[in-house]
Amino acid sequence: MADLTPTLLGQALESKTSNTQDGVHLVQCFVSIVLGIQSGQIADAINNLQERMQGRFEDVMMKDRSKWLKGLRWKLLIFLIIVGMVSAVLYEFLAPGTWYQYQLCKRGSIKDHTASFAFTSHDYQNPTINGIEFTWQRVKKILDLDGCEPYNAEGVHYYLNLDRCAYGERIVLDHIPQIRGPQVFAINSTCSGVFYLNKNKWSPYTSAEHITCKPTYI
């Protein structure tokens, strides 16, 4: 600190009474030196204090902002995870061809009774049809086949086209493999012939091949 003016201050600790007007007596006292501070220096000191306070305030604000941003990142991450999970669940329940749709189509079927075959379509494709076995009454109810009668033969098994069921009964030609074939088909008692409904009447698949039935018919 520069330009400080020392000032001597004193205070008596006792009093003396003089008998004459010009008498001089010693008294006990204490003195201190006070450094005079100019007004400009006071202003500088105040400015320095304000700067330090401002710096501390900014540091606190930066720390709080950092904590807020860190918390926001975690909240955003959790939000995205929740959105992803909800989207996956909705897709599984609503989209065609999902695992859930396949399981839904299997409800009420005869457990572990399946069949498959291939045929040549009118556009010379050879799709493979996969079916799950139901009783005729169950198939009739699922597909609303009130005007249809069962195939007129003994030991016939009835199958729901599993892939078409899982895809909302639609034929999907741009899918690999293609989703096509009848909604329901029947196989004779020897697993050697396949029949489909055509205008509420059963007709044979003349091009059916690779017919498999599980379990094997006895």
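In this predicted model, Ile132 stands opposite Leu160, a residue of strand E5. That pairing is a handy way into the sheet, as Ile132 also has a partner in another strand: Thr114 is matched with Ile132 of E4. The next residue along gets a partner too, with Glu133 sitting opposite Tyr159 in E5. Tyr159, in turn, stands opposite Phe185 in E6. Following these partners from residue to residue leads from E4 to E5 and on from E5 to E6.

The strands behind these pairs line up in a simple way. E3 and E4 run antiparallel and are joined by five bridges. E4 then runs antiparallel to E5, which covers residues 157-161, with four bridges between the two. Another four bridges link E5 to E6, and this pair is antiparallel as well. As a rule of thumb, side chains in a regular strand point alternately to one face of the sheet and then the other.

How well covered are these strands? E4 is mostly tucked away, with five of its seven residues buried. For E5, four of the five residues are buried, so the rest of the structure largely encloses this strand.

Next come the charged side chains. The structure has one salt bridge, and Asp123 and Arg180 are the two residues that make it, at 3.3 Å from N to O. Asp123 belongs to the loop between strand E3 (114-118) and strand E4 (128-134), while Arg180 belongs to the loop between helix H4 (162-166) and strand E6 (184-187), so the contact ties together parts that lie 57 residues apart in sequence. The two partners do not sit in equal surroundings: Asp123 is partly exposed, at a relative accessible area of 30%, whereas Arg180 is buried, at 8% relative accessibility, because the cut-off for buried is under 20%.

Arg180 turns up again in the lining of the largest pocket, which has a volume of about 190 Å³. Right beside Arg180 in the sequence, Gly181 and Pro182 line the pocket as well. Other lining residues include Phe119, Ser121 and His122, along with Arg164, Ile171 and Leu173. Two tyrosines, Tyr196 and Tyr205, also help to form the lining. Sorted by class, the lining is made of six nonpolar, three polar and two charged residues.

Finally, a few spots in the backbone stand out. In general, most peptide bonds are trans, and most residues other than glycine have a negative phi. The bond from Ile176 to Pro177, however, is cis, with omega near -5°, and Pro177 is part of the loop between H4 and E6. A cis bond also joins Lys214 to Pro215, with omega about -5°; Pro215 is placed in the segment after strand E9 (209-214).

As for phi, Glu169 has a positive value of about 65° despite not being a glycine. Glu169 is found in the loop between H4 and E6 and is partly exposed, at 25% relative accessibility. Lys199, likewise not a glycine, has a positive phi of about 55°. Lys199 lies in the loop between strand E7 (194-198) and strand E8 (201-204), and at 77% relative accessibility this lysine counts as exposed, because the cut-off for exposed is over 50%.

Methods
Residues are numbered from 1 along each chain as its sequence is written. This is a predicted model: local features need pLDDT of at least 70, side-chain atom pairs count only at pLDDT 80 or more; totals for chains, interfaces and linings use all residues. Side-chain values use heavy atoms; hydrogens and water are left out. A salt bridge is a side-chain nitrogen of Lys or Arg within 4 Å of a carboxyl oxygen of Asp or Glu. Buried means under 20% relative accessible area, exposed over 50%, partly exposed in between (1.4 Å probe, protein chains only). Two strands pair if DSSP finds at least two bridges between them. On a 1 Å grid over the protein atoms alone, a cavity is a set of points where a 1.4 Å probe fits but cannot get out, and a pocket is an open set with protein on both sides within 12 Å along at least five of seven lines; lining residues have an atom within 4 Å of a point. Grid points are joined across faces, edges and corners, and a volume is the space filled by probe spheres set on the points. Ala, Val, Leu, Ile, Met, Phe, Trp, Tyr, Cys and Pro count as nonpolar, Asp, Glu, Lys and Arg as charged, and the others, Gly among them, as polar.
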